[in-house]
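Hi,

Here is the structure I said I would pass on. Have a look at it first, and my notes follow underneath.

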Amino acid sequence: MPATGQSHIRIARPSRDLASAEHFWVGGLGLSVLFRSEGAGEPDKHDLLMVGWPDASWHLELVHDAAVDPRPTEEDLLVVYLDEQVPQALLSRLEAHGGKRVQARNPYWDTWGASIEDPDGYRLVLSTRNWTNS
């Protein structure tokens, strides 16, 4: 079966510290832990954390492998379209859970939302705009 608009998407990223990442994504943004696996140092195994909203057609896979260090750029963005103002309480919660407010490289995102770096340096943008593919 070919990929369609209903196909599930996994966004995979390396993480230095899965506990800190979970604190940010689950405690801060409100995602759920969908799956967890610990490799316990076994060859060809690694620690894995999958987070997302249970009803979403995507999830974020965070992988800890001591041989791989995250190397995010200012343009590695995960954008969540809120279709409303970004609640200050949400920004405060994300910062309290290890996030860091940053100025966007592209001023578009500062005009239309807020950017927060996760503990690994990847950027989450909460956009005031809405989006549809249709």
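**Around S127**

Let's start with one residue: S127 touches V79, V80, Y81, L82, D83, E84, W109, W112 and G113, leaving aside residues up to four places away in sequence. Keep in mind that this is a predicted model.

Where does S127 sit? You'll find S127 in strand 8, which covers residues 123-127. And is S127 buried or exposed? With a relative accessible area of 0%, S127 counts as buried, because the cut-off for that is under 20%. The side chain of S127 also makes a polar contact, reaching the backbone nitrogen of R129 at 3.1 Å.

**The whole protein**

Stepping back, the protein has three helices and eight strands. Going along the sequence, they come in the order β-α-β-β-β-β-α-β-α-β-β. The radius of gyration is 15 Å, close to the 14 Å that the globule rule gives for 134 residues, so the protein is as compact as a globular protein of that length. Along the principal axes, its C-alpha atoms fill a box of roughly 45 × 40 × 25 Å.

As for contacts, take those with a separation of 6 or more: 58% of them join residues 24 or more positions apart. Buried residues make up 36% of the 134 in the protein.

On the outside, the protein exposes about 8,200 Å², and carbon and sulfur atoms supply 49% of that. Last, the charges: there are 12 positive and 20 negative ones, and their mean positions are 4 Å apart.

Cheers

Methods: Residues numbered from 1 in each chain as written. Predicted model: local features only at pLDDT ≥ 70, side-chain atom pairs only at ≥ 80, totals over all residues. Heavy atoms only, no water. Helix = DSSP H or I, 4+ residues; strand = E, 2+ residues; numbered from the N terminus. Rg over C-alpha atoms; globule rule 2.2 N^0.38 Å. Buried < 20%, exposed > 50% of the residue type's maximum accessible area, 1.4 Å probe, protein only. Contact = heavy atoms within 4.5 Å. Areas by Shrake-Rupley, 256 points an atom, 1.4 Å probe, with all protein chains shown as cover. Lys, Arg positive; Asp, Glu negative; His and termini not counted. Charge placed at Lys NZ, Arg CZ, Asp CG, Glu CD. Polar contact = N/O pair within 3.5 Å; in protein donor to acceptor, adjacent residues only side chain to side chain.
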